[in-house]
Amino acid sequence: MSNKNEFPISDSTFLLSAFAILGACVSSFLTFILKSRCTSISCCGIHIVRDVIPADQIVQMEQNRQVQEEASVVTRT
């Protein structure tokens, strides 16, 4: 029987929880990068330079998507 004072590193529940927390942190970081309006991002020795879609184009794309969704709902009925 295991000692209650031992750190549960071999416990599968602990490992699963640790991987879930790590995955959530990585996921939130990647979401931050995708939603960022910055053209240059540097973190942990990694430097990314990217082209960012202008905000007015994003608004126009969202409006077009909503119109297409409404049109598809109308054609289904």
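**Close-up views of a predicted model**

**View 1. The whole chain.** Two helices and two strands make up the secondary structure of the chain in this predicted model. Go along the sequence and you get the pattern α-β-β-α. The chain has 77 residues, and 4% of them count as buried. Its accessible surface comes to about 7100 Å², with 64% of that belonging to carbon and sulfur atoms.

**View 2. The β1–β2 hairpin.** Here we zoom in on strand β1 (residues 40–43) and strand β2 (residues 46–49), which pair in the antiparallel sense. Four bridges hold the count for this pairing. One to look for involves Ser 42, whose bridge partner in β2 is His 47. Two residues sit between the strands of the hairpin, and in that turn Cys 44 has a positive phi of about 55°.

**View 3. A nonpolar patch on the surface.** Seven names to find here: Leu 15, Phe 19, Leu 22, Val 26, Phe 29, Leu 30 and Phe 32 form this patch. Together they offer about 700 Å² of accessible area. Take Phe 29, which lies in helix α1 (residues 12–35). Its relative accessible area is 35%, so Phe 29 is partly exposed.

**View 4. Cysteines without a disulfide.** Searching the whole structure turns up zero disulfides. Two cysteines are worth a look in this view. Cys 25 has a relative accessible area of 45%, so this residue is partly exposed. Cys 38, with a relative accessible area of 40%, is partly exposed too. As for Cys 44, you've met that residue already in the hairpin turn.

Key
Residues are numbered from 1 along each chain as its sequence is written. This is a predicted model: local features need pLDDT of at least 70, side-chain atom pairs count only at pLDDT 80 or more; totals for chains, interfaces and linings use all residues. Side-chain values use heavy atoms; hydrogens and water are left out. Two strands pair if DSSP finds at least two bridges between them. Patches are made of residues with over 30% relative accessible area and no salt bridge: like charges are joined within 9 Å, nonpolar side chains (Val, Leu, Ile, Met, Phe, Trp, Tyr) within 5 Å. Accessible areas come from the Shrake-Rupley method with a 1.4 Å probe; for residues, only the protein chains shown count as cover. A salt bridge is a side-chain nitrogen of Lys or Arg within 4 Å of a carboxyl oxygen of Asp or Glu. Buried means under 20% relative accessible area, exposed over 50%, partly exposed in between (1.4 Å probe, protein chains only). A disulfide is a pair of cysteine sulfur atoms within 2.5 Å.
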